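Grab a viewer and work through a few exercises on the fold below. Each one has a task, then a solution in steps.

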Amino acid sequence: MPPSVFIIEGITGAGKDTFCTSFLQTLHADTSPVYYFPEETLGFHYNTVLWPGITPVRLSLMEQALDFVEEESKKTLDAVFLFNHFHISLRGSTSRIPNDLDFDKRYARLVERLTSMEPKILILQLEPHEIETKLHPERAEHAFSWKLFLQRLIERSPYATHKELFTAQ
C-alpha cells in the first residue's frame, strides 16, 4: 500500500500556504502522524534561487525527503506526508544547468519513486488578471531582495514581465 502523500503546487501567490494550513486542520494529527514540509524544507526559497550550485542540492534534499517517506511509511502505515510545493518541475526549470547525464538520471529516478507513491497532487492556479496582485505584496513592500529576485527571474527567462512568466508556468 503506497503512503499517503499530498503535494500542493502552484505559482507564487496561488494560495499554497493558506490551503496547507486549512488542510492540516482536517488531518487527524492526534491519531496518526502528519508530516508537513514547507517548500523551504527542500531548499526552495526565493532567497536561495540565485545561489550557485543550489539545484543539485535541492535534488539531494528531494531524494532524502522521499527516503524519509519510504522509511517512515513502513514503520507507520497511517502516516500522512504533506509537501507544500515539492517543485516536481525542477528539471523543466533548470535550463541553466548544462546537460548533465547524472542529474538527469537522478531526476528521472526521483520522478519514478514519487510516481510509485501515488501522490495526490493539487495544482493551485491563478487567473492571469490575479497575478499582479498576488505576488506576495507583503514582500514587495519591505524587501528589496524580493524585487531583485523577481527582476532576475525575468532576466533568466524568455518573458518580458513576471506576469508573463507566471502565466506561462
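**Exercise 1. Find which residues of the largest nonpolar core touch the most other members.**

Start with the membership: the largest nonpolar core has 19 residues, and Val5, Leu42, Phe81, Phe83, Phe86 and Leu110 touch the most other members. Next, ask who supplies the core: β1, α2, β3 and α3 each give two or more residues. Among the contributors, α2 gives the most, with five residues. Keep in mind that this is a predicted model.

Now zoom in on Phe83. Leaving aside neighbours within four places in sequence, Phe83 is in contact with Val5, Phe6, Ile7, Ile8, Phe37, Leu42, Ala65 and Val69. Finally, look elsewhere: apart from the largest core lies another core, of 11 residues, including Ile11, Ala14, Leu27 and Leu82. As background, nonpolar side chains in soluble globular proteins tend to be buried together.

**Exercise 2. Work out the strand order of the open sheet and say which strands stand at the edges.**

First, trace the order: the open sheet has four strands, arranged β2-β3-β1-β4 with parallel pairing. Then read off the ends: β2 and β4 each have a single partner strand, so one side of each lacks a neighbour in the sheet. For the twist, neighbouring strands are turned by 15° against each other on average, ignoring direction.

To check one pairing, take β2 and β3, which pair in the parallel sense over four bridges. Here Val34 has Val80 in β3 as its bridge partner.

**Exercise 3. Compare the end-to-end span of helix α2 with the value expected for its 22 residues.**

Helix α2 runs over residues 54-75, and at 1.5 Å a residue its 22 residues should span 32 Å. The end C-alpha atoms are 32 Å apart, so the two values agree.

Next, list what is hidden. Buried residues in α2 are Ile54, Thr55, Arg58, Leu59, Met62, Glu63, Ala65, Leu66, Val69, Glu72 and Ser73. What covers them includes β1 (4-10), β2 (34-37), β3 (80-84) and α3 (101-116).

Then step past the helix to Thr76, in the loop between α2 and β3. Its relative accessible area is 19%, and the cut-off for buried is under 20%, so Thr76 counts as buried. Thr76 and Pro3 sit 73 residues apart in sequence, but their C-alpha atoms are 9.3 Å apart in space.

**Exercise 4. Decide where the buried residues of α1 sit around the helix axis.**

The helix covers residues 16-26, and Lys16, Cys20 and Phe23 are buried. These three cover an arc of only 70° around the axis, which means they are on the same side of α1. Look at the face turned away from that buried side and you'll find the exposed residues Thr18 and Gln25. As for partners, the buried residues of α1 pack against β1, β2, β3 and β4.

**Exercise 5. Track down residues with a positive phi that are not glycine.**

Begin with the rule of thumb: most residues other than glycine have a negative phi. One exception here is His85, with a positive phi of about 75°. His85 is placed in the loop between β3 and α3, and at 13% relative accessibility His85 counts as buried.

Another is Glu118, with a positive phi of about 50°. Glu118 lies in the loop between α3 and β4 (120-124).

Conventions:
Residues numbered from 1 in each chain as written. Predicted model: local features only at pLDDT ≥ 70, side-chain atom pairs only at ≥ 80, totals over all residues. Heavy atoms only, no water. Expected span 1.5 Å × (residues − 1). Buried < 20%, exposed > 50% of the residue type's maximum accessible area, 1.4 Å probe, protein only. Contact = heavy atoms within 4.5 Å. Core = buried A, V, L, I, M, F, W, Y, C linked by side-chain atoms within 4.5 Å. Pairing = 2+ DSSP bridges. Axes fitted to C-alpha atoms, helices over the stretch in contact; angles between N-to-C directions. Arc of directions from axis to C-beta.
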